[in-house]
Amino acid sequence: MSDERRRVFKTYKLYVGGKFPRSESGRVYEVTDSKGKWLANAPQSSRKDARDAVVAARKAFGGWSGATAYNRGQVLYRVAEMLEGRREQFVREVADAEGLSKARAAALVDAAVDRWVWYAGWTDKIGQVVGGANPVAGPFFNLSTPEPTGVVTVLAPQDSSFLGLVSVVAPVIATGNTAVVIASADAPLPALSLGEVLATSDLPGGVVNILSGRTAELAAPLASHQDVNAIDLTGAAGDPALAKELEVAAADNLKRVLRPQAVDGADWSAEPGTRRLTAFLETKTVWHPTGALGASGSSY
Amino acid sequence: MPTTAPSPEPSAPSGQGGTSFADATASDSALRRFLHGLPGVDTVGLEARAASLGTRSIKTTAKAYAIDLAISMIDLTTLEGADTPGKVRALAAKAVNPDPTDRTTPRTAAVCVYPDMAATAAAALAGSGVKVASVATAFPAGRAALEVKLADVRDAVAAGADEIDMVIDRGAFLSGRYLKVHEEIVAVKAECGSARLKVIFETGELSTYDNIRRASWLGMLAGADFIKTSTGKVGTNATPANTLLMLEAVRDFREQTGVQIGVKPAGGIRTSKDAIKFLVLVNETAGEDWLDNHWFRFGASSLLNDLLMQRQKLSTGRYSGPDYVTVD
């Protein structure tokens, strides 16, 4: 009997609507590490997978955006807990994908878990920061509250396969949006594994949908999709022509567009700020009459 | 494929397109003998056939044709306790002009409502060519005295219904009193006058494919203009397999009697993909003669929105969304 165990290869699959389908097209592509050594086959999604992901995201939007901010925070914190438990796997995948030492990859994974916790804390605080009572010249209460934009397509950064991914996905769902994420084309494995974490973290199916494949092929139908409310073009940072084309397509139904920023390319471990949280929020302002103020004339 | 043409009663005069089944309906026992003499349904074969026909790939121009055909075959239905005249009028407007952004969209075949809403629907649809279909005979359970059922039908016809969707007495059918079901259909048909009669079997309650085949023949013998799968009010509604079975029945019936009868699957058909699968079944089973809204209908409400979204996708190249169709 041989001492060597037969290797058990992992079949990486998409994460759509809380399930793990293969690509509808049946296609896969080879994913290699930074030195060109084969790691695994990842599904090469088609536009129909993108369409199905939007349907799933739309279906999940009502429940997720309607959940209390406190509850969303708890769910996101749970994601961080689950990530912590899978730390070794992510360290290995990130090290392979980005050609890093174990120690450097571990630092990135830790930063990603911390970031997830950080955004989990923001869910019930962002409302106070960007909303509130406005002073108006009349007998009205005037209140602004931020509301989620809807279904957001996220082009995950191409270079930072895990920390960058977490940095763009967590803020989108923290505020109650649902996301269709296009993973980094050359390093999709950490993203596909993240789907397995999300599936076991109380996150309702469809809130995050993860597709792997060629970014341009998937982004085009999503940018023009009439039922997508916003698009984050971070993953198109290295291809200005594609970013422009997607922005033009997105204009058709007045999608909110987050353009790739120069700072994105730099260091994902920098303090992120609230920019990504507020990028996909819509402000609702209500005017409410204060009613009779009483003889004293005091105002509220 | 189970191409099982039921053999006519030995006593019946046989002949292509001229078979009379008068003997079969002469008495309860003769009718039972006839219906139980129909060949048994090969369940596995039927479901495999229905499933294999569902795998056809229909693309581009064929898809555009199928979508338009499916829209023109819809009986746009609202059968809720909460129906109001306003809702029926809104639905009628949608039937006449399903996609206001694209006037080339065909009209639906009919609007299907409860009898008390038939007059409202008829007024809203006057002159449009869209028919008014009304359910009747104590829909959906059919649990009422014959007189009550006939009054229901009279009411609907008087209110301007062009088509009557009746339910059979499943209790009588399942307990083997076929002649009672037969006589009821005949009586309702007599009340319909010029209105076309659709007979609903509620296939989800008939429990076996053999029963669905028997019910189909019973309905056709009694003079139905259409046979319809279900009310949409029970768990199992139209499925490809039970619709395939009914299509085989109308095909065989026309072969033997020369009388063509329509088929209407209803309930549970929600996506364009499903609808196109049914159209493939029609074409491959009954044939092209049935690919017309005079002979084939979909009883549906949410299906129309999905067809419109697919239609918009084909014409613009962009995926459409539920924000671009009405909420009804």
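**Exercise 1.** How many residues does the contact take from chain B, and how many from chain A?

*Solution.* This is a predicted model, in which local features need pLDDT of at least 70 and side-chain atom pairs count only at pLDDT 80 or more, whereas totals for chains, interfaces and linings use all residues. Residues are numbered from 1 along each chain as its sequence is written, with chains lettered from A and ligands numbered from 1 in the order in which they are written. Two residues are in contact if their C-beta atoms, placed from the backbone, lie within 7 Å. By this rule, seven residues of chain B and seven residues of chain A take part.

**Exercise 2.** Determine how helices α1 and α8 of chain A pack.

*Solution.* Helices here are DSSP runs of H or I with at least four residues, and strands are runs of E with at least two, numbered from the N terminus. Axes are lines fitted to C-alpha atoms, for helices over the stretch in contact, and angles run from 0 to 180 degrees between N-to-C directions. The axes of α1(A) (residues 47-66) and α8(A) (residues 215-224) lie 9 Å apart at an angle of about 45°. Therefore α1(A) is oblique to α8(A), since angles under 35 degrees count as roughly parallel, over 145 as roughly antiparallel, 65 to 115 as roughly perpendicular and the rest as oblique.

**Exercise 3.** Identify the partner of B:Met166 in β5(B).

*Solution.* Two strands pair if DSSP finds at least two bridges between them. Strands β4(B) (163-167) and β5(B) (196-200) run parallel and are joined by five bridges. Within β5(B), B:Val199 stands opposite B:Met166.
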